[in-house]
Amino acid sequence: MFNSANELEFSEETTAEISQLSSLALSGDPACSENSSAGSPEKTGYPDSVYILAANIFQGTRLEKSPEKALIKYGNEPLPSSTESEDESFQRLSYELAFSALKYQDILETILIDSYIFPSTTIPDHLNSLIIVMLYDFQDRKFQARLLSGNEESIAEVLEVENLLNSFKTKLAAALARCRIKHDALSIYHILPETVRNQELRASTLPLYAWINTCKISPEEVYYTLKKNGYNKVKSVLHIDNKVFAVDQHCYDVLIFPSHLKSDLLNIDLFKDYKLIFQDKSRSLAVHSVKALLNMDDDILMVNTGSWYTVAHMSVLTNNNTSKIFVCGVQSQAKDPDLKNLFTKMGCKNIEILHETFMKLELKDHRLQKVKVILLLPRCSGLGVSNPVEFILNEHEDTDLLKDFSQGGPSEDKLHVLAQQQYEQLAHAMKFTRAQAIVYCTCSVYPEENEAIVKKALEFQDHEIKVQPYSGTHLRQCL
């Protein structure tokens with residue numbers, strides 16, 4: 001419950017200031033500008049279950065502060081979520097909302113204190129994460145009421161927080177206005193650190209990538225289907241608002257789309273039937289680099305694959321070979337039927353799952369004697385990806401990536417831990433002397449996770465091991 005007895009008396013000047021809030025929300029946010037230019041409808045809020053899942057994600061990834069600096073106390077209990085939260089569209093909305101709340105955590109907490117919601121409210125601490133995510137959405141809707149669907153079942157905790165925020169609407173709006181004035185900012189977006197704003201700007205300009213599953217459909221059939229759905233083939237999709245696509249210059253089976261078209265594309269059967277698959281381009285570059293190094297009967301060992309789509313893409317590219325693809329680290333055998341079902345749906349036949357982790361694989365393992373290329377995709381900071389939400393959902397990455405993005409990058413300690421793990425895996429891969437090539441691929445922008453790791457591994461390799469020259473296809477230029 002809450003207590004609104006501490007309502008403040010505002011001057012005419014402050015009231016006039018509040019009346020202009022319709023232009024304050026996130027007008028400087030590149031994503032919002034993009035949506036506006038595309039003629040998107042006014043935001044109406046989310047279903048209750050999205051707020052609950054977003055609150056739990058925020059609770060698990062929020063920035064921990066020292067007791068003397070903590071403005072608001074958060075409980076440790078997650079909120080019970082519905083089965084709807086397992087739906088991919090609900091997950092995507094929830095992650096995006098949680099990510100936005102993380103970026104603005106300091107500002108949102110300040111607004112809650114300045115508006116006197118805290119300490120006047122008696123709502124329990126474990127609902128404070130829900131207050132944060134719902135406040136972000138409330139101000140993003142310019143403090144307009146949420147439009148509820150008639151068939152949606154209400155959740156008591158969401159209703160309680162919504163009533164609280166609505167009762168403090170005027171004071172929240174004034175607190176937001178004062179925060180913006182204090183920082184001399186056109187919107188709260190401009191209060192974000194420059195590194196975070198640069199990431200946002202970069203993400204808003206990068207296109208979508210999708211690879212063609214040639215086990216199920218030819219590129220020509222894909223082009224024809226897209227044309228039937230109003231898409232035109234062009235040479236470049238940069239800064240184009242129309243329904244267009246282009247073929248990537250590095251990977252012949254990868255198509256590029258303007259980023260604002262994703263919701264429209266998801267309604268096309270090509271994506272529903274595993275004929276076109278959205279994925280970060282770095283993964284397509286990795287598997288194409290491996291393909292360029294293979295002979296017809298060479299096997300492949302994939303390490304830390306993240307998304308099963310990467311495995312499937314590797315399988316599709318080697319469909320006409322006699323190659324086997326070994327995927328290590330699937331420790332739960334319960335996943336086997338689901339994975340085999342997915343690969344069957346995608347037309348993949350040459351995949352073998354290993355339950356051992358890579359570091360526990362023996363060099364003389366009889367299954368790996370024909371492995372000629374190791375594809376190593378180590379866990380990394382991920383700061384090179386354009387959309388952390390999509391990366392988490394598609395590549396099964398740790399949700400801590402949201403925290404790192406919201407702060408402009410990982411801590412030095414975390415970067416050091418990741419770099420050490422990457423070095424150990426690369427050094428272990430180099431011990432497989434029958435393998436004649438290693439493709440090492442990260443989604444990091446840091447030299448510490450890229451050039452420095454490769455250089456260190458080469459310096460400390462066992463010089464007594466004689467590496468045979470590779471006699472297969474030379475690596476074509478992919479980068």
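Which residues have the most contacts inside the largest nonpolar core? That's where I'd like to start, and please keep in mind that we're looking at a predicted model. The residues in question are Leu 112, Leu 130, Val 133, Leu 165 and Leu 172, and the core they belong to has 63 residues. Take Leu 165: leaving out anything up to four places away in sequence, Leu 165 touches Ile 117, Ile 131, Met 134, Leu 135, Phe 138 and Leu 172. There's also a second core, separate from that one, with 34 residues, and among them are Ile 277, Val 290, Val 311 and Val 439.

Staying with the part of the chain around the first core for a minute, there are some backbone details to look at. The peptide bond between Phe 118 and Pro 119 is cis, with omega near 10 degrees. Pro 119 belongs to helix 6, residues 117-120. Then go on to the loop between helix 7 (128-140) and helix 8 (156-167), where you'll find Lys 142. Its phi is near 60 degrees, so a positive value in a residue that isn't glycine. Phe 143 sits in the loop between helix 7 and helix 8 too, and its phi is likewise positive, near 60 degrees. Buried or exposed, what is Phe 143? Buried, at a relative accessible area of 5%, while Lys 142 is partly exposed at 32%.

Okay, on to the sheets. One of them is open, has five strands in the order 2-3-4-1-5, and its pairing is mixed. At the edges you have strand 2 (232-233) and strand 5 (276-278); each has a single partner strand, so one side of each has no neighbour in the sheet. Helix 15 packs on this sheet, where it touches strand 1 and strand 5, and its direction makes about 45 degrees with that of strand 1.

Strand 1 deserves a closer look. It covers residues 208-212 and pairs antiparallel with strand 4, residues 254-257, over four bridges. In that pairing, Trp 211 stands opposite Val 254 of strand 4. Strand 1 also runs antiparallel to strand 5, with three bridges joining them, and there Ile 212 stands opposite Leu 276. How many residues of strand 1 are buried? Four of its five, so strand 1 is mostly covered.

The other sheet is open as well, with five strands in the order 8-7-6-9-10, and here the pairing is parallel. Which strands stand at its edges? Strand 8 (351-353) and strand 10 (437-440), and since each has a single partner strand, one side of each is left without a neighbour in the sheet. On average, neighbouring strands here are turned by 20 degrees against each other, ignoring direction. Strand 10 pairs with strand 9, residues 371-376, in the parallel sense over four bridges. Within that pair, Val 439 in strand 10 is the bridge partner of Leu 375, and you'll remember Val 439 from the second core.

Now helix 16, residues 336-345, whose buried residues are Asp 336, Leu 339, Leu 342 and Phe 343. Why are they on the same side of the helix? Because they cover an arc of only 130 degrees around the axis of helix 16. The general background is that an α-helix has 3.6 residues a turn, so residues three or four places apart point the same way. What covers the buried residues of helix 16 includes helix 15 (308-317) and strand 8. On the face turned away from that buried side you get the exposed residues Pro 337, Asp 338 and Thr 344. Just after helix 16 comes Gly 347, with a positive phi of about 80 degrees.

Last stop: Cys 443. UniProt, in an unreviewed entry, places the feature "active site" at Cys 443. Where is it in the fold? In the loop between strand 10 and helix 20 (451-459). Cys 443 is buried, with a relative accessible area of 5%. Neighbours within four places aside, its contacts are Asp 280, Ser 282, Arg 283, Cys 380, Gly 382, Leu 383, Gly 384, Val 385 and Phe 391.

Let's follow Arg 283 from that list. Arg 283 lies in helix 14, residues 281-292, and is buried at 3% relative accessible area. With the same neighbours set aside, Arg 283 is in contact with Thr 310, Leu 377, Phe 391, Glu 395, Cys 441 and Cys 443. So Phe 391 turns up in contact with Cys 443 and with Arg 283.

Terms used
Residues are numbered from 1 along each chain as its sequence is written. This is a predicted model: local features need pLDDT of at least 70, side-chain atom pairs count only at pLDDT 80 or more; totals for chains, interfaces and linings use all residues. Side-chain values use heavy atoms; hydrogens and water are left out. A nonpolar core is a set of buried Ala, Val, Leu, Ile, Met, Phe, Trp, Tyr and Cys residues joined through side-chain atoms within 4.5 Å. Buried means under 20% relative accessible area, exposed over 50%, partly exposed in between (1.4 Å probe, protein chains only). Contact means heavy atoms within 4.5 Å. Two strands pair if DSSP finds at least two bridges between them. Helices (H or I, at least four residues) and strands (E, at least two) are DSSP runs, numbered from the N terminus. Axes are lines fitted to C-alpha atoms, for helices over the stretch in contact, and angles run from 0 to 180 degrees between N-to-C directions. The arc is that of the directions from the helix axis to the C-beta atoms. UniProt positions are given in the numbering used here, feature names are shortened, and annotations may be inferred rather than shown by experiment.
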